[in-house]
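Colleague: I am new to this one. Could you take me through it, one point at a time?

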Amino acid sequence: MHSVSERENRIRKLNELREKGIEPYPYQFERTHAVSSALKNFEKLVETETQVKIAGRLRTRRDFGKTIFFDLHDESGKIQLYIRKDEALLALPALLSPQKVATDFLGTPALPGTPPDQLSSNNALPERNVPPGKHPLFSDFLSLVDLGDFVGVSGVLFRTKTGEPTVNVKEFTMLSKSLAALPEKYHGLQDTEQRLRKRHLDLLVNQETREVFRTRSRLIALTRRFFDERGFLEVETPMLQPLYGGAAAEPFRTHYRVLDRDYFLRIATELYLKRLIVGGFEKVYEIGKDFRNEGLDRVHNPEFTMLEAYQAYVDYFQMMKLTEELFRLLASELTGSTTVTPVTWMGAEFDFSGEWEKVEFVPALAEKIGTDPLQLSEDDLRKICKAKGVEVTDQTPYGKMLDKLFTELVQDHIHGPAFVADHPRIISPLAKVHRNNPQLVERFEPVIAGVEFGNAFSELNDPLEQRRRFEEQTARHEEFSVMDEDFIQALEQGMPPTGGLGLGIDRMVMLFTDSASIRDVIIFPQLKEEGK
RNA sequence: GCCCGGCUAGCUCAAUUUGGCAGAGCGGCGGAUUCUUAAUCCGUAGGUUAUAGGUUCGAUUCCUAUGCCGGGUACCA
């Protein structure tokens, strides 16, 4: 909500600019330097008295009567402007008639026959049109400038008495009028709700927020490079699917009008990527959004970014190595160091330089409950849950109880980085049976600070076994289980031994930006609509 | 979904404990100021205290409900 007077003031100024023939929203401004490059080359630019042209948003102002200072920000940084009001000229955006401005402000029409090239983009008024000793043009214009406006300036660089690198502005161009006040200049925007709802303001005033999303971009670019360099093919599989699968989650439903058929937003890319392995690609990966119709918390958002990678002829041990290598690369590249330094996340340090700890699911859980969980009846398991304070109902299925027990008794306390490995078969319908124990599967989940970062298998490629696993699930009336005949048919065509890996990109960004909530790393996180 | 907490000017925060005219800084508006950088100085405007009810002589303050945000919990291969 705007203060009415603030917005009305600015609209009044906007109209006044137009009345004076100054276009508040011109089309372009040719910069010679980004702020950071002007600062970086400062000494040389001063020495050569180079005319620099810089553009950005005015953020603070210090007015001294005959002179004025502004801080001008662009994406790369901020620089101070110094303007002598009686010397600086107003540069006119292209497409406006300099004649009109000259008449309005100076009382003298522009010289007839001024060559058109002097009227175009860099058309400062010729010096000779400004009466000696009197330069009302910029001063009048200045009162129509607000903090938050975009402007372009031209001038030479110098250092003020206090040593601050500064542009001595000779020409000033209005580039875009802002109609809304900026948040408080010192404290910025603090309110969490506003920061998420008005992310543009958060980015505008909070440097740390901008940094998070730069890191996110670099993390994704590095991840792509990592898989590309290893010969993986990046692919895009459907988000809109007639069936969903590859995870146990409630999907978002939609309807395709032309086909008059219900569709689902994907909950995982797994089943399509495996079809591509069947099709003969030996290494594929996809980075994209998955959608799950479930709750929000500090590590869950209904739409989130997932990486899935599949490689033929390897098992889950290879996927562990791949995971370790990827995190090692990210840890060294994203900490700005050439060596792997510990990554700090939520007050703890994580070392990605070596092999990860391995926590075997069943033995680790057995240690906590004093007995082999796989030897227990469903009733006994339920009793143990209750004894350990793990909330279950009489309807909670066996696999679910195992998973909850493990999560609360073991996983939550893992510092990591660790691989939780070799899960019970019953909770892992897409993973291959463990080569040494038919009750287990070859599976691991990367866990850091108790948080799951992904999921990986030696992929189940026996089509008849896969059908039985799906049938088992359906028989247990597990929620959201689907028999994907089309997928099983693809498997029947033959899929080589394959290792698969899924990683939650958002959680990885949380780790490498030391963010406590997934909302901090998703640029427009899910929020309810504001009530009326 | 459930439990708890928060919501005061455009922004950052006071006042609520114990009910008694809702204040300040930034930003705005007007003025002064030729080296400031959270500029300074003088003056000034800006509020249905999230929304709707209730208690009370009187409610930002106490009670109820609703909305949104947050924390927890539930759901979550």
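Colleague: How far apart are R214 and E211 in helix α8, counted in helical turns?
Modeller: This is a predicted model, so all that follows is computed from it. R214 and E211 both belong to helix α8, residues 207–229. They are three residues apart, so the separation is about one helical turn.

Colleague: What is the distance between the closest N and O atoms of R214 and E211?
Modeller: Side chains of opposite charge can pair when their charged atoms come close. The cut-off for a salt bridge is 4 Å. R214 and E211 form one, with their closest N and O atoms at 3.3 Å.

Colleague: Are R214 and E211 buried, exposed or partly exposed?
Modeller: Buried needs under 20% relative accessible area, and exposed needs over 50%. R214 has 28%, and E211 has 34%. Both values fall in between, so R214 and E211 are partly exposed.

Colleague: In the salt bridge of R382 with E378, which residue is buried?
Modeller: The two lie four residues apart in helix α12, about one turn of the helix. Their closest N and O atoms are 3.0 Å apart. E378 has 37% relative accessibility, so E378 counts as partly exposed. At 8%, the buried residue is R382.

Colleague: How many residues separate D63 and K85?
Modeller: D63 and K85 form a salt bridge, with 2.9 Å between the closest N and O atoms. D63 sits in strand β1, while K85 is in the loop between β3 and β4. The pair links distant parts of the chain, and the separation is 22 residues.

Colleague: Which residue of that pair is buried, D63 or K85?
Modeller: The limit for buried is under 20% relative accessible area. D63 has 44%, so D63 is partly exposed. At 13%, the buried one is K85.

Colleague: How many salt bridges does the count come to?
Modeller: Some are joined into a network, which links K13, D146, D149 and K177. The count of salt bridges comes to 40.

Colleague: Which residue makes a polar contact with the side chain of D506?
Modeller: D506 lies in helix α16, residues 505–513. Its relative accessible area is 2%, so D506 is buried. The contact joins two side chains at 3.0 Å, and the partner is R216.

Colleague: Which element gives the most to the surface near RNA strand B?
Modeller: In total, 54 residues surround RNA strand B, and K13 and E193 are among the closest. Several elements each supply at least two residues, including α1, α6 and β20. With four residues, the one that gives the most is β1.

Colleague: How many residues of the surface near RNA strand B are charged?
Modeller: By class, 15 residues are nonpolar and 16 are polar. The number of charged residues is 23.

Colleague: How far is a phosphate oxygen of RNA strand B from a polar backbone atom of K528?
Modeller: Of the strand's atoms within 4 Å of the protein, 60% belong to sugar or phosphate. E193 brings a side-chain N or O atom to 2.3 Å from a sugar or linking oxygen. For K528, the distance from the backbone atom to the phosphate oxygen is 2.7 Å.

Colleague: What is the approximate area of the nonpolar surface patch made by Y256, V258 and L259?
Modeller: Y256 lies in strand β10. At 39% relative accessibility, Y256 counts as partly exposed. With V258 and L259, Y256 makes a patch of about 300 Å².

Key. Residues numbered from 1 in each chain as written. Chains lettered and ligands numbered in written order. Predicted model: local features only at pLDDT ≥ 70, side-chain atom pairs only at ≥ 80, totals over all residues. Heavy atoms only, no water. Near = heavy atom within 4 Å. Polar contact = N/O pair within 3.5 Å; in protein donor to acceptor, adjacent residues only side chain to side chain. Nonpolar A, V, L, I, M, F, W, Y, C, P; charged D, E, K, R; others polar. Patch = residues over 30% accessible without salt bridge, like charges linked within 9 Å, V, L, I, M, F, W, Y side chains within 5 Å. Areas by Shrake-Rupley, 256 points an atom, 1.4 Å probe, with all protein chains shown as cover. Salt bridge = Lys/Arg side-chain N within 4 Å of Asp/Glu carboxyl O. Buried < 20%, exposed > 50% of the residue type's maximum accessible area, 1.4 Å probe, protein only.
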